[in-house]
Amino acid sequence: MTSPRPGRYARPVSPRKPPELSFESWIEQQIRDAQREGLFDALPGAGRPQQTDDAADPLWWAKDLLRRERVDALPPALAIRRAVERALEALPTIPDEARVRELLGRLDAEIRRLNATSIGGPATTQAPLDVETLVATWRRTRKEQSTP
């Protein structure tokens, strides 16, 4: 009984393992047959080393997938801390006070909502933002940058 596999490299599904072969021998035979048929030729990434930070890490492939797909899978308490860090780093690049206030206001509202409702994952320890102090710091920084 054979049925085609979906995809570019369609080939019949292998029959059941012959009883006289070990699983290892049977699998090796299937690999050799596929190589002979050219099914491994021109695969994406062929001839290039895999990009891994730590080859000894058994979850390197999952980490690579998350990085490639730009998946951010943090619990809410940690995600909000990352959002605060990114926002504070970006403040000097924002040219207008209204946008600074809008960004900080939205972020502060999210912090307060998480602090009031978060029940799963690590405890939320992010304090609400002092928007007025941050805006004053932003103004001071902008003034210092524009003064020769």
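The chain exposes about 11600 Å², and carbon and sulfur atoms supply 56% of that area. The model is predicted. The exercises below work through its fold, core, surface and salt bridges.

**Exercise 1. Describe the fold from its secondary structure and contacts.**

Step 1. Count the elements. The chain has 5 helices and 0 strands.

Step 2. Read along the sequence. The pattern is α-α-α-α-α.

Step 3. Check burial. Of the 148 residues, 16% count as buried.

Step 4. Look at sequence range. Take the contacts with a separation of 6 or more: 46% of them join residues 24 or more positions apart.

**Exercise 2. Find the largest nonpolar core and the helices that supply it.**

Step 1. Size the core. It has 15 residues. Those with the most contacts inside it are Leu-91, Val-100, Leu-104, Leu-107, Ile-111 and Leu-129.

Step 2. Assign the helices. Helix 3 (76-90), helix 4 (97-117) and helix 5 (131-146) each supply at least two residues of this core.

Step 3. Rank the contributions. Helix 4 gives the most, with 5 residues.

**Exercise 3. Trace the surroundings of Ile-111 and Gln-126.**

Step 1. Start at Ile-111. Leave out residues up to four places away in sequence. Ile-111 then touches Ile-80, Val-84, Gln-126, Ala-127, Pro-128 and Leu-129.

Step 2. Move to Gln-126. This residue lies in the loop between helix 4 and helix 5.

Step 3. Is Gln-126 buried or exposed? Its relative accessibility is 14%. The cut-off for buried is under 20%. Gln-126 therefore counts as buried.

Step 4. List its contacts under the same sequence filter. Gln-126 touches Ile-80, Arg-81, Val-84, Ile-111 and Asn-115.

Step 5. Compare the two lists. Ile-80 and Val-84 touch Ile-111, and they also touch Gln-126.

**Exercise 4. Locate the nonpolar surface patch and place Ile-31 in it.**

Step 1. Name the members. Phe-23, Ile-27, Ile-31, Phe-40 and Leu-43 form the patch. Together they have about 440 Å² of accessible area.

Step 2. Place Ile-31. It sits in helix 1 (residues 23-37).

Step 3. Classify Ile-31. At 34% relative accessibility, Ile-31 counts as partly exposed.

**Exercise 5. Work out how salt bridges connect helix 4 and helix 5.**

Step 1. Take the total. The structure holds 7 salt bridges.

Step 2. Examine Arg-139 and Glu-97. Their side chains meet at 2.9 Å, N to O. Arg-139 is in helix 5 and Glu-97 in helix 4, so the pair ties together parts 42 residues apart in sequence.

Step 3. Check their exposure. Arg-139 is partly exposed at 39% relative accessibility. Glu-97 is partly exposed at 25%.

Step 4. Examine Arg-101 and Glu-132. Their salt bridge spans 2.8 Å, N to O. Arg-101 lies in helix 4 and Glu-132 in helix 5, 31 residues apart.

Step 5. Check this pair too. Arg-101 is partly exposed, with a relative accessible area of 28%. Glu-132 is partly exposed at 48% relative accessibility.

Step 6. Join the pairs. Glu-97, Arg-101, Glu-132 and Arg-139 are linked in a network of salt bridges.

**Exercise 6. Characterise the salt bridge between Glu-102 and Arg-106.**

Step 1. Read the distance. The side chains meet at 3.7 Å, N to O.

Step 2. Place both residues. Glu-102 and Arg-106 lie in helix 4, 4 residues apart, about one turn of the helix.

Step 3. Classify each partner. Glu-102 is partly exposed, with a relative accessible area of 46%. Arg-106 has 53% relative accessibility. The cut-off for exposed is over 50%, so Arg-106 counts as exposed.

Technical notes:
Residues are numbered from 1 along each chain as its sequence is written. This is a predicted model: local features need pLDDT of at least 70, side-chain atom pairs count only at pLDDT 80 or more; totals for chains, interfaces and linings use all residues. Side-chain values use heavy atoms; hydrogens and water are left out. Patches are made of residues with over 30% relative accessible area and no salt bridge: like charges are joined within 9 Å, nonpolar side chains (Val, Leu, Ile, Met, Phe, Trp, Tyr) within 5 Å. Accessible areas come from the Shrake-Rupley method with a 1.4 Å probe; for residues, only the protein chains shown count as cover. A salt bridge is a side-chain nitrogen of Lys or Arg within 4 Å of a carboxyl oxygen of Asp or Glu. Buried means under 20% relative accessible area, exposed over 50%, partly exposed in between (1.4 Å probe, protein chains only). A nonpolar core is a set of buried Ala, Val, Leu, Ile, Met, Phe, Trp, Tyr and Cys residues joined through side-chain atoms within 4.5 Å. Contact means heavy atoms within 4.5 Å.
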